[in-house]
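Take a walk through this protein with the model open beside you. The route begins with aromatic rings and ends with cysteines.

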Amino acid sequence: MKTIITGKAFVIGDNIDTDQIIPAEFLSYNPAIAEERRFFGKYALCGVPMAASGLPGGNTPFVAEGQFASEFTVVIGGRNFGCGSSREHAPLALAEAGVQAVVAESYARIFYRNSINGAYIIPVETVQRLVETIATGDDVEINLTTGTLKNITSGKTFALKPLGDVQAIIEAGGIFAYAKQSGLLK
């Protein structure tokens, strides 16, 4: 697992649900087939309104027209990120789009677990609200060792909550790899 994640931020608001992350109409693609799996990235976050809540940079599409991946590697969300259905395709879609981490104030439990269990993305919780402080397109650096997010564009640094026990699962490559490494599965 990378302990430092850098890239451009994509900022969205509160209560981003799994149907906004990957709308049901795109679940017909088979993630086990590489040619189809990449379509999850193409349609990631396409259900989020472009001018979501008047946030900074709210008119920027997450994935550019005709592309299968996004230029944004970090998603900054508000409260209750990943709410809605228990769609395990949601963190997969973000990962296929090139997202390495989501930083939010809080997560829906099932989205959080799906992110970790599949080792798709790293869900990090922030200590303070960042959606009005960081703008879409800002360059950011997440340091998982120090528990900080630095907005390279503005120079400001923010505290993050530690990953705790889930870090070992992410480092192992998901829940099944962790269980095998731990001797829980043979």
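Start with two phenylalanines, Phe 10 and Phe 62: both are buried. The model is a predicted one. The ring centres of Phe 10 and Phe 62 lie 5.0 Å apart, and their planes meet at 65°, so this pair is edge-to-face. Follow the chain from one to the other. Phe 10 belongs to strand S1, while Phe 62 sits in the loop between H2 and S2, 52 residues apart. The pair therefore links distant parts of the chain, and Phe 62 itself has a relative accessible area of 5%.

Phe 62 has another ring partner, Phe 72. Here the centres are 6.2 Å apart and the planes are at 20°, so the pair is stacked. Phe 72 is in strand S2, 10 residues from Phe 62. Phe 72 is buried because its relative accessible area is 2%, and buried means under 20%. A pair of aromatic rings is described by the distance of the centres and the angle of the planes.

How many aromatic pairs does the whole structure hold? A search finds 12. Some of them join into a cluster: ring pairs link Phe 26, Tyr 29, Phe 39, Tyr 43 and Phe 68. Look closely at Phe 68. The charged end of Arg 38 sits over its ring, 3.7 Å from the centre. Lys 42 also lies over the face of Phe 68, at 4.9 Å from the ring centre.

Now turn to helix H2, residues 34-42. Its buried residues are Phe 39, Phe 40 and Gly 41. What covers them includes helix H3, residues 89-96.

Next comes the sheet. Seven strands form an open sheet, in the order S4-S3-S2-S1-S5-S6-S7, with mixed pairing. The edge strands are S4 (122-125) and S7 (157-159), and each pairs on one side only. From one strand to the next, the twist averages 30°. Strands of a sheet pair through backbone hydrogen bonds, either parallel or antiparallel. Strand S6, residues 148-151, runs antiparallel to S7, and three bridges join them. Find Lys 150: it stands opposite Thr 157 in S7.

Two loops deserve a stop. Most residues other than glycine have a negative phi. Asn 15 has a positive one, near 55°. Asn 15 is found in the loop between strand S1 (4-11) and H1. Its relative accessibility is 44%, so Asn 15 counts as partly exposed. Asn 80 also has a positive phi, near 60°. This residue lies in the loop between strand S2 (72-76) and H3. At 28% relative accessibility, Asn 80 counts as partly exposed.

Is Thr 18 buried or exposed? Thr 18 is buried, because its relative accessible area is 2%. Its place is in helix H1, residues 18-21. Thr 18 touches Gly 82, Cys 83, Gly 84, Ser 85, Arg 87 and Ala 90, leaving aside residues up to four places away in sequence.

One of those contacts, Cys 83, leads to the last stop. How many disulfides does a search of the whole structure find? Zero. A disulfide is a covalent bond between the sulfur atoms of two cysteines. Why does Cys 46 not form one? Its closest cysteine sulfur, in Cys 83, is 16 Å away, so a bond is out of reach. Cys 83 is likewise in no disulfide. Cys 46 is partly exposed, with a relative accessible area of 40%, whereas Cys 83 counts as buried at 15%.

Key
Residues numbered from 1 in each chain as written. Predicted model: local features only at pLDDT ≥ 70, side-chain atom pairs only at ≥ 80, totals over all residues. Heavy atoms only, no water. Buried < 20%, exposed > 50% of the residue type's maximum accessible area, 1.4 Å probe, protein only. Helix = DSSP H or I, 4+ residues; strand = E, 2+ residues; numbered from the N terminus. Contact = heavy atoms within 4.5 Å. Disulfide = S-S within 2.5 Å. Pairing = 2+ DSSP bridges. Axes fitted to C-alpha atoms, helices over the stretch in contact; angles between N-to-C directions. Phe/Tyr/Trp six-rings, centres within 6.5 Å; stacked < 30°, edge-to-face > 60°. Lys NZ or Arg CZ within 6 Å of the ring centre and 35° of its normal.
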